[in-house]
Amino acid sequence: MTAITTSVFELFKIGPGPSSSHTIGPMKAGYNFNKSIENIQLSTKPTSIEIRLYGSLSATGKGHGTDRAVIAGLLGFKPDNVECDFIDGLADGKDRQFKSGEITLPLSIKNVVYAEIKNDFPYSNTMLIRLKDGENILFEQEYYSIGGGFIKWKGEIPTLTRAPAYKYSNMEELKALLIENDMRLHQIILENEMAITDSTEQEIMDKLDDILDVMKKAVNKGLATEGLLPGTIGLHRKAKDLITSTPKGYKDPSNFLIRLNAYAFAASEENAAGHIVVTAPTSGSAGVIPAVIYAMEEDADMTREKVREGMLAAAAVGFIAKHNASIAGAEVGCQGEVGVASSMAAALITYAAGFKFWRTENAAETALEHHLGMTCDPVGGYVQIPCIERNAMGAVKAYNAFLIATVENIKFHKVTLDEAVKAMAETGKDMSSKYKETSEGGLAVSVPDC
Ligand code: SF4
């Protein structure tokens with residue numbers, strides 16, 4: 001098994017909602033296409049661009065805003081520099097000007113084709129972006145959106161990544177490194193991040209603060225906003241109602257739980273509205289970790305230093321899940337999104353609260369174990385039902401996993417995180433494509449047409 005070389009900031013990325021695989025990934029693919037054809041030599045001048053979406057990108061791309069995201073990318077925008085209003089404006093279907101090198105072409109969401117859901121591409125969520133002259137295809141690039149905003153493409157030459165300081169591919173190997181080097185978990189993740197990205201500790205801490213600030217901003221914005229979310233469901237936001245009905249107080253368990261729910265609703269509602277969130281590890285699950293961070297800092301007075309350490313511990317869990325299974329709803333269902341987010345959040349709280357690595361792993365395992373088998377069935381193809389409430393449940397389960405892990409006798413904890421991740425991968429393989437972000441099964445079918 002190859003060593004994990006993913007950066008903390010590939011996992012935690014700032015970008016517009018509502019779905020990292022359907023919004024951030026396609027936008028990155030569009031941007032990559034624009035840049036890759038800057039110096040292209042073609043036999044004849046192209047007259048149009050065609051974007052073909054496959055898999056769940058086709059099934060739920062409209063509700064997820066994939067068409068606008070890929071067009072924004074083709075127009076030269078990246079997830080971290082695009083304005084949400086600009087993306088929303090693309091829904092008018094009017095032509096904008098695509099420009100790359102010498103090529104200029106009209107481009108709008110009408111250039112997007114919703115192709116086959118079932119397909120034989122190496123990854124179900126595939127995009128073909130083509131330059132055409134009439135019906136002739138002059139140039140084509142095949143992109144895969146593999147979850148969490150990560151993309152690959154056919155013929156991609158892997159960029160040389162710098163070697164991590166400590167090589168591990170799963171929790172067992174990470175534990176061995178901790179013992180062998182007598183280090184704490186966040187130190188290993190920090191040193192690896194410094195090695196992989198050639199950054200200083202201060203640069204990494206500053207970037208972590210940026211991420212934490214955007215997470216909290218999303219919660220604040222969600223708590224202050226009411227009204228309907230976009231789309232045909234007619235779903236009302238709930239976060240503001242929840243927070244205004246609940247007095248602040250960490251000591252009262254009911255108040256604390258309602259507030260924790262409210263924070264998760266708030267960030268998830270911002271994501272559903274297509275506003276700026278942080279993938280954690282995906283946009284669909286972008287409410288879980290911000291909820292626990294907000295509660296830790298605002299209700300429990302946790303220091304920023306401890307929260308940063310917790311974020312690095314959470315990243316380790318996310319890396320292991322991504323490396324050995326998947327964090328994409330289109331690959332393994334919602335267990336890979338909200339399940340992994342809850343597992344990361346449980347690790348974050350436990351580690352930030354000062355508990356040792358063993359209890360941190362147990363908390364992460366418990367949270368993941370109790371999301372195993374969870375399907376992805378967004379109603380109407382929108383990241384709203386069940387997604388928003390599911391983030392709240394994920395945050396509460398993370399807190400509960402923390403409580404159990406910090407009082408249980410660790411000798412009696414039977415399941416390892418690696419075993420839970422393996423079970424998630426196997427369950428995902430066996431799961432019908434109806435439950436992998438296609439809106440062809442589950443609640444997406446049983447809830448009357450929205
Ligand atoms: S059900 Fe889960 S995996 Fe599917 S879109 Fe919603 S949050 Fe993402």
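**Figure 1. Overall view of the chain in a predicted model.** With 450 residues, a compact globule would be expected to have a radius of gyration near 22 Å, and the value for this chain, 21 Å, agrees with that expectation. The model shown here and in every later view is a predicted one. Taken along the principal axes, the C-alpha atoms fill a box of roughly 70 × 50 × 40 Å, and the secondary structure comes to 18 helices and 9 strands. Of the 450 residues, 58% count as buried. Among contacts between residues at least 6 apart in sequence, 76% join residues that are at least 24 apart.

**Figure 2. The largest pocket and the elements that line it.** This pocket has a volume of about 1800 Å³ and is lined by 50 residues, of which Thr6, Glu10, Phe150, Ile151 and Lys322 lie nearest its centre. Elements that each supply at least two residues of the lining include the helices α1 (8-11), α2 (20-36), α7, α8 (201-223), α12 (304-324), α13 (329-332) and α17 (417-430), together with the strand β8 (150-153). By class, the lining holds 23 nonpolar, 13 polar and 14 charged residues.

**Figure 3. The two cavities of the structure.** The structure holds 2 cavities of 30 Å³ or more, and the largest of them has a volume of about 150 Å³. Its lining is made up of 14 residues, with Cys334, Glu337, Cys376, Val383 and Cys387 lying nearest the centre, and these 14 divide into 7 nonpolar, 3 polar and 4 charged. The second largest cavity encloses about 40 Å³ of space and is lined by Ile4, Thr6, Tyr168, Ile189, Asn192, Glu193, Ile196 and Phe319. Helix α7 (residues 185-197) gives the largest share of that second lining, namely 4 residues, and by class the lining has 5 nonpolar, 2 polar and 1 charged residues. Thr6 appears in the lining of this second cavity and is also one of the residues nearest the centre of the largest pocket.

**Figure 4. The hairpin of β3 and β4.** Strand β3 (residues 96-100) and strand β4 run antiparallel and are joined by 5 bridges, with Ser100 standing opposite Ile103 in β4. Between the two strands lie 2 residues, and Gly101, in the turn, has a positive phi of about 55°. In a regular strand the side chains alternate between the two faces of the sheet. Strand β4 (residues 103-107) shows such an alternation, since Ile103, Leu105 and Leu107 point to one face and are buried, whereas Thr104 and Pro106 point to the other and are not.

**Figure 5. Helix α4 and the residue that follows it.** Helix α4 (residues 66-74) is mostly covered, with 8 of its 9 residues buried. The buried residues are Thr66, Asp67, Ala69, Val70, Ile71, Ala72, Gly73 and Leu74. Just after the helix, Gly76 takes a positive phi of about 105°.

**Figure 6. Gly318 in helix α12.** Gly318 has 0% relative accessibility and therefore counts as buried, the cut-off being under 20%. Leaving aside residues up to four places away in sequence, Gly318 touches Leu11, Val340 and Met344. From Gly101, Gly318 is separated by 217 residues in sequence and by 38 Å in space, C-alpha to C-alpha.

**Figure 7. Two cis peptide bonds and two residues with positive phi.** Most residues other than glycine have a negative phi, and most peptide bonds are trans. The peptide bond from Gly17 to Pro18 is cis, with omega near 10°, and Pro18 has its place in the loop between β1 (14-16) and α2. A cis peptide bond also joins Ile385 and Pro386, with omega of about 5°; Pro386 is found in the loop between α15 (357-369) and α16 (387-407). Asp198, although not a glycine, has a positive phi of about 55°, and it lies in the loop between α7 and α8. Glu437, likewise not a glycine, has a positive phi of about 65° and is placed in the loop between α17 and α18 (443-446). Asp198 is exposed, with a relative accessible area of 53%, whereas Glu437, at 4% relative accessibility, counts as buried.

Key
Residues numbered from 1 in each chain as written. Predicted model: local features only at pLDDT ≥ 70, side-chain atom pairs only at ≥ 80, totals over all residues. Heavy atoms only, no water. 1 Å grid on protein atoms, 1.4 Å probe; cavity = no way out; pocket = protein on both sides within 12 Å on 5 of 7 lines; lining within 4 Å. Points joined across faces, edges and corners; volume = space filled by probe spheres on them. Nonpolar A, V, L, I, M, F, W, Y, C, P; charged D, E, K, R; others polar. Buried < 20%, exposed > 50% of the residue type's maximum accessible area, 1.4 Å probe, protein only. Pairing = 2+ DSSP bridges. Rg over C-alpha atoms; globule rule 2.2 N^0.38 Å. Contact = heavy atoms within 4.5 Å.
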